[in-house]
Amino acid sequence: MITLPRRPRGGVHPDNRKAVTRSLAIRNAAVPSRCVVPLLQHAGPAAVPVVRVGDRVREGMLIGRAADSTAANVHAPVPGMVSGTTTLTLADERSCEAFVIDLEGEFDRLGKVAEPIDWQRTSVRELLRGIRDNGVVGMSGSGNAVHRKFNLPRAAEIEHLIVNGIENEPYLSADNRLMIEMTDGVLEGTRIAERILRPQRVTIALQKDSTQAIRNLRRRIRERGLDYAVRALPVNYPQGDERLLARAIAGREVSAERETSEIGVIVSSVATVYAVFEAIVYQKPVIERIVTLSGAALRSPANIKVRIGTPIAELIAECGGFVESPEKIVVGGPMMGHTIIDVSTPVTKATTAVLALTATEIYHGAETGCIRCGRCVRACPVGLEPTSLYKMLEHGELDQAQAAGLFECIECGCCGFICPAHIPLVDGLKNGKLAVTRHGGRT
Ligand code: SF4
Ligand code: SF4
């Protein structure tokens, strides 16, 4: 195994625009009178419905069962009546069926003080079952089923568990608040992951500018006598990418086709280990999450704990609506998020943020010709030549683009961000991947 230098390669420094929300404590959103709950909130196939229109559901009840090991269970975020089904296009442009649940009846889970479970008496198999049953997925946008990621072959050796608190997309601060306000929950979730994975080392990675979260974590780690390192990394987008973090912390690199577990590294976000904590210690399914609402078009930005299935329009109303008409609404961060048109789109397990951006927050440069400045090449964190790939794809040279590493692209947006000619490099590369898939797949 080759050990690599741990310096960040490439990357960019967009204005982080976190100052507004970073100091805002998490607050609870109002419970919506109607939730629209997609059966596809994870990386695999849609969940299989287990309730029907007209059924009454309890809060946290299973309504969709994972179709296979890559998928995840889906639960009712509120008690009520299943009043219908609908076909949705999600923010990430995938389509799926969704249950419409009208709020009725009692909250018998979140409104009550739950007794924590002493998970240390629980076997690894049962811990994995608890994670699976409660529908825990990668909560920082990946949607990967966590029980699958953590369920490694018996012989697999994990050298490094990295808990990812980097959150380096501009505006986003929900993970930062989670580390500040729910420090013990994050650490307990990390301990559960450690018990399952048996890594030789555990590191919690943050950006240097997350000073309060760093302080809180270090203090509680010391007070609880845990053997965890807290690493404060230089601010450099997209340092939070799983493969880049494996390189920065463990000095190991893995291609896009392989899992980081194959090089002895597991990376899990702070929001994910917190969901693991709630699933195991309080047997709570993923029926809510913390979302950052920000952008200059929004009257009152916030970090809000919100029920899955809440229409985004209701979150915007929670934040006082708009001060001016937004130029665009983005779900996720501005570098890798998805623009939506329909604000009835519901919050899913993967919704990290909703941004209402004004024209001044979006750079509208007219596209001109490539001036061969090489900035996109220097910015690419995985060592690609975006400009060459883009040209190959423009000329339909799909095989050459693949050979030049098209599928190593992590779609981070650095090349497009830095390009003085405003060439839509990332869109070109994303479309190129789709074209390869349509023409018979990867070689
Ligand atoms: S979007 Fe792809 S090609 Fe562009 S900088 Fe990121 S990884 Fe490199
Ligand atoms: S950054 Fe833009 S202008 Fe410069 S080489 Fe790359 S594609 Fe060409």
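Here are a few questions and answers on this predicted model, covering the domain 1 and domain 3 interface and the ligand 1 shell.

Q: How many domains does the assignment give the protein chain, and which one holds residues 375-438?
A: The assignment lists domain 1 (29-103), domain 2 (115-281) and domain 3 (287-361). The stretch 375-438 is what remains on that list, and it goes to domain 4.

Q: Which three residues supply the most of the area that domain 1 buries against domain 3?
A: Start with the pairing itself: 23 residues of domain 1 are in contact with 19 residues of domain 3. The area buried between them is about 1600 Å², with carbon and sulfur atoms giving 60%. On the domain 1 side, 36% of the buried area comes from just three residues, Ala29, Gln41 and Ala91.

Q: Which residues form the salt bridge between domain 1 and domain 3?
A: The count across this interface is 1 salt bridge. A pair with its closest N and O atoms 2.8 Å apart fits, with one partner in 29-103 and the other in 287-361. That pair is Glu59 and Arg307.

Q: Which strand gives the most residues to the side of domain 1 that touches domain 3?
A: The interface has 7 residue pairs in polar contact. On the domain 1 side, β2 (34-38), β6 (74-75) and β7 (80-89) each supply at least two residues. The top contributor, with 4 residues, is β2.

Q: Which residue is the charged one in the shell around ligand 1?
A: The shell divides into 10 nonpolar, 1 polar and 1 charged. Gly counts as polar, so Gly413 takes the polar place. Glu counts as charged, and the shell residue that fits is Glu411.

Note on methods. Residues numbered from 1 in each chain as written. Chains lettered and ligands numbered in written order. Predicted model: local features only at pLDDT ≥ 70, side-chain atom pairs only at ≥ 80, totals over all residues. Heavy atoms only, no water. Near = heavy atom within 4 Å. Domains from an automatic or database assignment. Contact = heavy atoms within 4.5 Å. Buried area = accessible area lost by both parts, 1.4 Å probe. Salt bridge = Lys/Arg side-chain N within 4 Å of Asp/Glu carboxyl O. Polar contact = N/O pair within 3.5 Å; in protein donor to acceptor, adjacent residues only side chain to side chain.
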